[in-house]
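Welcome! Here is a short, friendly tour of a protein chain, going from the overall picture to a few individual residues. Take a look at the structure before reading on.

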Amino acid sequence: MSPSPTPPDWLDRLPHRRWLEREAQRLLDFSKPSRVGDGFVALDNAGRVPSGAVADTIITARMTHSYALAALQGLPGAETLVAHGVASLSGPLRDKRNGGWWATAAGGGRKLAYLHAFVALGASSAVAAGAAGAEALLAEAADVLETRFWSEEEGALRESFDPGWGGEEDYRGANSNMHGMEAMLALADISGQPLWRERALRVAARLIHGAARANGYRLPEHYGRDWAPLRDYNRDRPWDDLRPFGTTPGHAMEWAHLLLKLEAALIRQGAAVPGWLLDDAVALFDTAMADGWGADGLPGLVYTLDWEGRPSIANRAHWVQAEAVVAAATLLRRTGEPRFEAWYRRLWDYIDLTLIDRQAGGWLHEVDAAGRPTERIYRGKADLYHAFQALLAPVLPPAPCYAAALAELPPPRDPFRP
């Protein structure tokens, strides 16, 4: 009796791709009510705007990015929402006196590298979508990243400043640099300036090929200004949504696929490609899955682990699972190894049966180990950025960035699948 044929990868199955498209459209429709006068806000769990909600700059930038990707696909309603995002980021959310962007439309607060990276990402995608005013927004965002946050000496981003660009924080963060790297890849593709790609490589070399590799691919998230790891940072606030204590498996997943996107971008450019980009991406994925998946005996990737490898916050965040999908899909495309296909299927099964909210809409942003909705880290359903990208990544090449790939007709050649 001949062996049963191996079923094709989900990435190559038309019904799977149709499922991705339908779920993406459902998420886009759910998030449309988040538009308010000065930008976009986080919705509550029922998909409503909370009373007294104020436009949030990070959410506005992410929504601008996401709806720009939708506009590039020809989806109705998206262009209007992109225009609203660009107008909000160019107007009420911008610090007209000192430059840069406030955290909310209410003003005040520190100027964060993390936030400004998302403004640059949203502006890049809006340019690709042809939104009016987007080019000026992108030029300003790129200038602020370069002149305020980029440290040529360190090969990384500084973390934060006071509103007038004084009072630099004595802290360096892996999270802000990771999203800075994402923005740099988009800037290189949309602005045509390869210098940003070179900077992305320097960020990856410092934090992944340097710090993560030296720590068994369990990346320390927090550092002093001298880049000495702060292993006890926020030990008393382990649930922090941007700077949690310990290691973060979801960030390992983001870094893994960003390394492969950088590799693919360098291939497209005809530049030298360090071999460690692939090696480190595989090691990050394997280590995070070994440590974080089912760390308490139940399925799903936990939010954080302590330095002994035990769950610090065992709740499952939706974005962690979404970024793992992107990493598995990109590694499968890059290597063809069946284990990444197996993880890709397992992750979507978990998301489908645990996180997709078929009653109120959207995805549950946080559940406990048993899959029950919780709000220890995240309240409501803030935005669709992570989930929407997880639905796009399996059908797009790893380079150029999502917006540039969607803008190219015919679709660009995938360097990993000739």
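## Overall shape

The protein chain has 418 residues, and a compact globule of that length would have a radius of gyration near 22 Å; the value here is 20 Å, so the two agree. Please keep in mind that this is a predicted model. Along its principal axes, the C-alpha trace spans about 75 × 50 × 50 Å.

As you trace the chain, you will meet 13 helices and 12 strands. Among contacts with a separation of 6 or more, 65% are between residues 24 or more positions apart.

## Inside and outside

How much of the protein chain counts as buried? The share is 58% of the 418 residues. On the outside, the protein chain exposes about 16,100 Å², with carbon and sulfur atoms supplying 51% of that area.

Charges are worth a glance too. The chain carries 44 positive and 52 negative charges, and the mean positions of these two groups are 2 Å apart.

## An enclosed helix

Next, find helix H4, which covers residues 113–128. Its 16 residues reach 23 Å from the first C-alpha to the last, close to the 22 Å expected at 1.5 Å a residue. Because 15 of its 16 residues are buried, H4 is largely enclosed by the rest of the structure. Just after H4 comes Gly130, with a positive phi of about 75°.

## A buried serine

Ser31 belongs to helix H1, which runs over residues 14–31. Is Ser31 buried or exposed? Its relative accessibility is 4%, so Ser31 counts as buried. Setting aside neighbours within four places in sequence, Ser31 is in contact with Leu43, Met63, Tyr67 and Leu384.

## Backbone details in the loops

Most residues other than glycine have a negative phi, and most peptide bonds are trans. With that in mind, look at Tyr217, where phi is positive, near 65°. Tyr217 sits in the loop between helix H7 (195–214) and strand S8 (222–223), and its relative accessible area of 17% makes it buried.

Asn234 also has a positive phi, near 60°. The loop that holds Asn234 lies between S8 and helix H8 (249–269). With a relative accessible area of 15%, Asn234 is buried.

Finally, the peptide bond from Ala399 to Pro400 is cis, with omega near 5°. You can find Pro400 in the loop between helix H12 (385–392) and helix H13 (402–407).

Methods: Residues are numbered from 1 along each chain as its sequence is written. This is a predicted model: local features need pLDDT of at least 70, side-chain atom pairs count only at pLDDT 80 or more; totals for chains, interfaces and linings use all residues. Side-chain values use heavy atoms; hydrogens and water are left out. Helices (H or I, at least four residues) and strands (E, at least two) are DSSP runs, numbered from the N terminus. The radius of gyration is taken over C-alpha atoms; the globule rule is 2.2 Å times the number of residues to the power 0.38. Buried means under 20% relative accessible area, exposed over 50%, partly exposed in between (1.4 Å probe, protein chains only). Contact means heavy atoms within 4.5 Å. Accessible areas come from the Shrake-Rupley method with a 1.4 Å probe; for residues, only the protein chains shown count as cover. Lys and Arg count as positive and Asp and Glu as negative; His and the chain ends are not counted. The place of a charge is taken as NZ of Lys, CZ of Arg, CG of Asp or CD of Glu. The expected span of a helix is 1.5 Å times one less than its number of residues.
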